[in-house]
Amino acid sequence: MLWSIAAGPLVNVLLVPALTMGLVLGRAAGLAQSMPDGFALLRQVCFINYALLIFNMLPIYPLDGGQILRSLLCFPLGRARSLMVASIIGFIGVAALILLAIVTRSYWTGIMAVFILLNCWGGLMQARALTKAGRIPRRSGFACPVCSEAPPVGQLWGCGKCRTRFDTFETGGVCPNCGAAYGVTTCPSCGSSRPIQEWSGVRETAG
């Protein structure tokens, strides 16, 4: 997970030495005089890459830096608390962006601040939901194929036909009201959907 999050900033990091070397060699070769437009373009690309790298690495959720911070905090704090901390730090970053937008009178910075604010609010709500779900008893004998979390016990899954709430692991993926069968189960922890056969363990009834 951490590797997939860091893939975006990694591209910018790899481009830094290549673009910087091209800028230095171009200046040494006199491209600034012989090809001023091409050299100016290279300089702008180099500047944009630096700006994107610095911006993406800011520890503001949901930017890449905030995602990396959340992943690192997940080990000592757990998924819910790490997301909550990252979201709160994101709110601080939003306040700084709003101040910057006012000072510079930049509509784009303001729009970006609103976008980050909405994502931070969504992350905070998700963290609260994860904290609440963490207090629910877990069903032994099963584990999510993606996040390895044991599913919670309770009527947390809904039938798409009759809207009945039921425990899919207790009924084997069959709605007890209308008999509709669901071969794919959604994990309440990570949100991934996988066939119920892929959940490890032997079916057990919570006692």
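The following dialogue considers helix packing and nonpolar cores in a predicted model.

Trainee: How should one read the packing of helix α5 and helix α6, and at what angle do they pack?

Mentor: One begins with the angle between the axes, for which values over 145 degrees count as roughly antiparallel. Here helix α5, residues 79-104, packs with helix α6, residues 107-134, at about 160°. The two helices are therefore roughly antiparallel to each other. Their axes lie 8 Å apart, and α5 passes α6 in a left-handed crossing.

Trainee: Which kinds of residues make up the contact of α5 with α6?

Mentor: That contact comprises 17 nonpolar, seven polar and two charged residues.

Trainee: How does one read a nonpolar core, and which residues have the most contacts inside the largest one?

Mentor: In soluble globular proteins, nonpolar side chains tend to be buried together. In this model the largest nonpolar core has 13 residues, and Tyr61, Leu83, Ile116 and Cys120 have the most contacts inside it. Helices α5 and α6 each supply at least two residues of this core. Apart from it lies another core, of seven residues, including Phe142, Trp157, Cys187 and Trp199.

Trainee: What does Leu83 touch, leaving aside residues up to four places away in sequence?

Mentor: With that exclusion, Leu83 touches Tyr61, Arg70, Gly123, Gln126, Ala127 and Leu130.

Trainee: Is Ser87 buried or exposed?

Mentor: The test is relative accessible area, and buried means under 20%. Ser87, which lies in helix α5, has a value of 0% and is therefore buried. Not counting residues up to four places away in sequence, Ser87 touches Tyr61, Cys120, Gly123 and Leu124.

Note on methods: Residues numbered from 1 in each chain as written. Predicted model: local features only at pLDDT ≥ 70, side-chain atom pairs only at ≥ 80, totals over all residues. Heavy atoms only, no water. Axes fitted to C-alpha atoms, helices over the stretch in contact; angles between N-to-C directions. Helix = DSSP H or I, 4+ residues; strand = E, 2+ residues; numbered from the N terminus. Parallel < 35°, antiparallel > 145°, perpendicular 65-115°, else oblique. Left-handed = near helix turned anticlockwise from the far one by under 90°. Nonpolar A, V, L, I, M, F, W, Y, C, P; charged D, E, K, R; others polar. Core = buried A, V, L, I, M, F, W, Y, C linked by side-chain atoms within 4.5 Å. Buried < 20%, exposed > 50% of the residue type's maximum accessible area, 1.4 Å probe, protein only. Contact = heavy atoms within 4.5 Å.
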